[in-house]
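Thanks for sharing this one. Here are my notes, set out as numbered points so that you can follow along in the viewer.

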Amino acid sequence: MPTEAPAERIQRRKRTLEEIRLRAAKLLDEGALGMQIASWLSDALDNYTVEILKETLTEFTEVEQQELAQYSAMIAIGGSGRGEVAPYSDSDLIFIYQPRIANLINRLTKRIVPEFWDAGIKLGQRVHTVRDAAASAISDPHLASSLVHVRSLWGDDVLAAQLKKQFYRKVVRSRLRLFVNDCIEGRDEERITHGNNGQQLEPDVKKSLGGLRDVHLLQWIAFAHYQTSDIDSLRRKNVLTTDDAVRLKRGVEFLTRVRIDLHLHAGKANDTLSKDEQLRIAESREISHVEGQKPVERFMQEYFSHSMAIAEITQRFVSRHRRRSVSSILKRLVMSHRVNRYFVVSEGELDVAPAHLTKICTTLDDIVRIYHSAATYRVSLSPRLIEAIKSTARNLPSGPSPEAARLFMEILGTIGRCSETIRSMHNTNVLELIIPEWQRVRCLLQFNQYHHFTVDEHTLRCLDICESFKDEDTPVGAAYRNIHVKQLLHLALILHDAGKGFEEDHSELGCRMSLDICQRLRLTQHETDIVSFLVHKHLKMADLSFRYDTTDPRVVLEFSHDVGSAEKLRMLFVLTAADVSGVGPGVWTSWKADLLADFYKRLMTTLSGQPPRFHEEERLREIREHVYDSIVPLEPDKDEAATTLRHWVDKQLDGFSSQYLTMTPPSMIARDLDIIRSLKPGEIRVDGRYDATSGTTDYHIIADSLYSQGGFHRISGVLTARHMQILGAEITTSSDGIIVDTFHVVDEDFSGAVPQGRIDDVANSIVRALRKEITVKKLFQRHRRYVTDDSHETTMGLPTRVEVDTDTSGKATIVLVFAHDRPGLLYTISRTLFKLDLSIDLARISTHFDQVVDVFYVTDYDGRKITSEEQCLVIRDTLLQELSNFENSTHRDFVS
């Protein structure tokens, strides 16, 4: 028989290898299971490998062939050893030999390695004696993990058995903790390189979190503890629950088939499931379109459901089997403490004795109570508790009881542990028992160029980012810290994308969903309104900030009208920042942060009458120093007087609103204090000044505290009766109740400069009205020049709206009025508040085009905040009724 030329031999081997891969492709097309194809490939490649070895051995003498067969072995390890290979996988081999044939084995391996490479097999090979292999595995974690899976392909089977025995005794059993830690650390490093998130949108099927390598990690650790890596064997040993074993095997099957498909289509080793490949595979599997979901999104939702199950099961298994050092065990014993008769907290973990599991983990209330304890003590749950919860949750109906709903909302209110607790509830499938709508977004892919994560992962990241704001020295951080009811913000974050996966706009659908969810969670109507608003408008603030001119007063006014309160604005600002940040790396930029913060500042000034409190203490401290320098005498012989005066100044400044202190020049604050210091009982000072640049007149009133009740509406009534258009007003009081009010007006009786005589006359009317020497009604009758028309054309076209905000301020209830401007409006509002027995502590009146946004901080006459929901409704409804009457009135009507 003629000798085969080397080139012919190489081509023959390549054809054989190609035939093997074509057969694998045929099996895939015919619908064979992934593990069936992998097993067939393993057998075919084993035979192919052995055939190349045998052909190479023909170049050796018969004696040499006998010695090699008797004193060496070619062994498959790693993936080849597991028998789970893909069409273009590397071939992992180790040649084990006895020292007596060292030269001979070296000649063989040098000769055979080029044969594999020439044939198209990427070979990973090692050559060792049994002793050297074990020694090398100690210093080489990759080799160590590969030797968990060993299969003899050719040669002396006794050597393969010796390798297994020596490896387990010297590398694993005698250094169990080190071996396990090496496996875990190696896997951690691999995840960092290939993706440490199980729901990244272009995952590595093998090496990303939740990939096949996580199953290998579980098998390595199982081998170390139980001398088996077989999933069914682990189930029979009760090491894995039946459910975990089933989910692992399903996951391995799904990922293996996808990996084989990727290899075959690429014609090379390829484990990355790119978006193009996702589309191709979804089409090849003939996945149909359903409402709101493309075929590719359905395919990837199934992919992620398997990868996340693998990741979660592996994580629990690793946590349960990671051995602690002696010092760690001692520390755990010393630092542990009992929470109640069942639970123990130790080293950041909540645990329970196995005997108590059936007592404390049988209902949804039990489970939520466990999570509540973990959130309260800011610890994680032990793997044992997590497994018990998963087992129980599988058989529970969805829908929270009143107790579960209460505990869940309290969990959402915990700071520092909320996001981790909610993620754990997600991992154990408890979250969808409380919020069944969550199941729809679990592993839901957003197939676009914008999002980097699935909907559930994006949402959980948003919650984590939101919590991190508490430590940020930024406008977002300050806003988050000033939110009084953070649990509503956190709930809105969980729900903000709950409407995705349907044809309808997810903000609209999510808003309706949130109404049902809030009802099941037993939230009040006020709380429900906040959550549903945040869900409904969660895209709006970013859209306006990044695409529109937010310096345009129209934009600010219209959106302020939508938001309605400072507390809701803070929540929406923080939610927006978290939502944008949670999209993916690099999406939240300093440019976007600045745009959003600037828009937030403008909106907050409109809604609360004061800018956001960012670095407020530092600014107020600087203002105080300016005031001290302006008012406190610094002569050496007046130190005692200066100290006394400084204390008096501090007392007065403490009584003023932060708005007055931050918006008023320090020189004017000092001047006001000088007036207050010299003010006599019953005295009223009114200073009016015309500004030619703006064409407006400012009336600055400082009056004794006996004029505080009803003073505001009397002043506004005087100005309106004297034909002043009130553009804005700021009021505040000192610690002694001294009135400090400023009104910005346009005098409609003058087209140019307003004479000082006119200003003095109006000022005198203000003084007489405060002293009740004349009524506002008589002033209207005396100065009435016309009767208003019933038709009032508006520029903005926004409806009248009244909001009563009990959340934003700790000391006062905030009343916001959005209305169409016309003479007498402010008087009508302030008089109505007076009739409701409300004291106005702070007010900011602003006019935009023909719309006003009036903000009033009110208390009762004893200085108490109004908190009763019933009282708040009375305030709102009364104001709306009075404003409705006012809209249909003449000047004569509304002062009667």
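1. In which hand, right-handed or left-handed, does helix 2 pass helix 5 at their crossing? The crossing is right-handed. Please keep in mind throughout that this is a predicted model. Helix 2 covers residues 34-57, and its axis comes within 10 Å of the axis of helix 5, with a crossing angle of roughly 130°. At that angle, helix 2 is oblique to helix 5.

2. The side of helix 2 that meets helix 5 is worth displaying. From helix 2, the residues involved are Y48, T49, I52, L53, T56 and L57. Their counterparts in helix 5 are L108, R111, I112, E115, F116 and A119.

3. R13 would be my next stop. This arginine belongs to helix 1 (residues 6-29). With a relative accessibility of 3%, R13 falls under the 20% cut-off and therefore counts as buried. Beyond its neighbours within four places in sequence, R13 is in contact with Y48, I52 and E55, and also with E115 and A119. Of these, Y48 and I52 are among the helix 2 residues that meet helix 5, while E115 and A119 are among the helix 5 residues on the other side of that pairing. For a backbone distance, take R13 and E51: they are 38 residues apart along the chain, and their C-alpha atoms are separated by 9.8 Å.

4. Now to the sheet. It is open, has 4 strands in the order 3-2-1-4, and its pairing is mixed. Strand 3 and strand 4 (150-155) stand at the edges with a single partner strand each, so each has one side without a neighbour in the sheet. From one strand to the next, the twist averages 25°.

5. The mixed pairing can be followed strand by strand. Strand 1 (residues 72-77) runs antiparallel to strand 2, and 5 bridges join them. Strand 1 is also antiparallel to strand 4, again through 5 bridges. Strand 2 and strand 3 (residues 123-128) are parallel and share 6 bridges. M74 is a handy marker here: its bridge partner in strand 2 is F95, and its bridge partner in strand 4 is W154. On the parallel side, D92 stands opposite G124 in strand 3.

6. Why is strand 2 described as largely enclosed by the rest of the structure? The reason is that 6 of its 7 residues, in the stretch 91-97, are buried. Strand 2 also takes part in a right-handed β-α-β unit, together with helix 5 (residues 102-119) and strand 3. Helix 2 returns here as well, lying across strand 1, strand 2 and strand 4 and running at about 35° to strand 4.

7. Further along the chain, have a look at I221 in helix 10 (residues 212-226). I221 is buried, with a relative accessible area of 0%. Leaving aside neighbours within four places in sequence, its contacts are V180, I184, F317, V318 and H321. The C-alpha atoms of I221 and R126 are separated by 23 Å, with their positions 95 residues apart along the chain.

8. One last helix pair. The axes of helix 28 (residues 540-547) and helix 31 (residues 590-608) come within 9 Å and cross at roughly 110°. That makes helix 28 roughly perpendicular to helix 31. Among the residues that meet are L544 and F546 from helix 28, and W591, F599 and Y600 from helix 31.

Note on methods
Residues numbered from 1 in each chain as written. Predicted model: local features only at pLDDT ≥ 70, side-chain atom pairs only at ≥ 80, totals over all residues. Heavy atoms only, no water. Buried < 20%, exposed > 50% of the residue type's maximum accessible area, 1.4 Å probe, protein only. Pairing = 2+ DSSP bridges. Right-handed = clockwise from strand over helix to strand, strands pointing away. Contact = heavy atoms within 4.5 Å. Axes fitted to C-alpha atoms, helices over the stretch in contact; angles between N-to-C directions. Parallel < 35°, antiparallel > 145°, perpendicular 65-115°, else oblique. Left-handed = near helix turned anticlockwise from the far one by under 90°.
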